[in-house]
Amino acid sequence: MNKLLGEVDPQIVEITAKDLTRQQDSLMLIPSENYASRAVMEAQSSILANKYAEGYPGERYYNGCQFMDDVESLAIERAKALFGVEHVNVQPHAGSQANMAVYHAMLEPGDTILGMSLDQGGHLTHGANVNFSGNLYNIAAYGVNADTERIDMEEIARLAEQHRPKLIVVGATAYPRHFDFAAWRQIADAVGAYLLADIAHIAGLIAGDVHPDPAPYADVITTTTHKTLRGPRGAMIMCRAEYADKIDRAVFPGLQGGPFLHTIAARAVAFKEASEPDFKTYQAQIVKNAKALAERLIENGFRLVSGGTDNHLMLMDLTSKYEKLSGRQAADHLEDAGIIVNKNTIPFDKRKPRTTSGIRLGTPMITTRGMKEDEMVSVADFITETLENRQKASIKRQIREKVKELCAQFPIYEYLE
Ligand SMILES: *Cc1c(COP(=O)(O)O)cnc(C)c1O
């Protein structure tokens, strides 16, 4: 019982060490990822993992839950204060489960959901046909305007009027602009729909006051805790008090069994970190960095979807510069140079989701490391040089070295070295 991991399982230690090196030495630009703090990770690997605690604080189905109640209550109270909401359920294991629970609570199978289509920036759980949401519910999908590549609220109002959804989902995984939650509320009210704000990507920005706040407008808000919010993997559901029972019952016993109290403890730590003043500075820097990165990529001749970004991410349209280069190939070339991005469809993409014509770039992780606007210029230039010289292995190797040098100036997890 008391041996160290290295004694019990050197293989896992070795693989983890390799990924630590990869995480330290690469420019990680996937906008849904982040580096959680040492404190968050310590909480996550604690003995709280050993306990079953089905139910909620004060009403558990297991004995011995006194301290589980303390942990979960702390997480709930901190989340309520951080986001200014009436009720929080911190038990969903992931963002998909959180959305599933909301649909389970508010809808009957066959009811209509109006959500953003996957190929225009929505999430799988917003009604994709390969996902439970597209199978169980009747989906009406919205996208962006073909000219502006932004969500057009008049178009949303028309679609809502036409389809009369019971629930409207506002949120995305690949949309570089702000959501105007007040306008969404008006549309939901006009057709008598619930409004769900899925803020998985932008929760940190909202907590940091650099994105409009959905709390005054949405009936329910879901978020992951591991993206811009910089907590452990996990999710939560926030809602008005009137929906609290429905939501709680949908999570447990509706969809899940025992909660993961160790990650709930880590969520509590992340909420504490997110309520510190320097978290606001961090979130503001994420946005400044995204703008600086976008600006330089545009100067270097790339076209960004909608012409830029207001948040932490951007979508680069490769077709504007290299007709034959797919998002998939570009992401692989960039990985050769130590730059990790993901391929992503652009609105009205002519290629399939497995190939795509775009890549998605985000600044949360490089901002966590401490990089600022000056470094964004270098990052944009590394991306540009790599794609320009994508057939030249030796040049990609040289860029790989420069990437490592830049990363070395902004170390993470020094305590692990
Ligand atoms: C990431 C994400 C989710 C789902 O999160 P998982 O934890 O991967 O299940 C849901 N909605 C949006 C908008 C997301 O970006």
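The following conversation introduces the nonpolar cores and one sheet of a predicted model.

Visitor: What kind of model is this, and how are residues numbered?
Guide: The model is predicted; local features need pLDDT of at least 70, side-chain atom pairs count only at pLDDT 80 or more, and totals for chains, interfaces and linings use all residues. Residues are numbered from 1 along each chain as its sequence is written, and side-chain values use heavy atoms, leaving out hydrogens and water.

Visitor: How many residues does the largest nonpolar core have?
Guide: That core has 62 residues, and F83, I168, I199 and L229 have the most contacts inside it. A nonpolar core is a set of buried (under 20% relative accessible area, 1.4 Å probe, protein chains only) Ala, Val, Leu, Ile, Met, Phe, Trp, Tyr and Cys residues joined through side-chain atoms within 4.5 Å.

Visitor: Why does this core lie between domain 1 and domain 2?
Guide: Both domain 1 (41-274) and domain 2 (282-408) give residues to this core, so it lies between them; the domain bounds come from an automatic or database assignment.

Visitor: Which residues does F83 touch?
Guide: Among the residues in contact with F83 (heavy atoms within 4.5 Å) are I199, A203, L229 and M238, not counting residues up to four places away in sequence.

Visitor: Changing topic, what is the strand order in the open sheet?
Guide: The order of its four strands is β11-β12-β15-β14, with antiparallel pairing. Strands are DSSP runs of E, at least two residues, numbered from the N terminus, and two strands pair if DSSP finds at least two bridges between them.

Visitor: Which are the edge strands?
Guide: They are β11 (303-304) and β14 (342-344), each pairing on one side only. The bridge partner of L304 is M316, in β12.

Definitions and conventions
Buried < 20%, exposed > 50% of the residue type's maximum accessible area, 1.4 Å probe, protein only.
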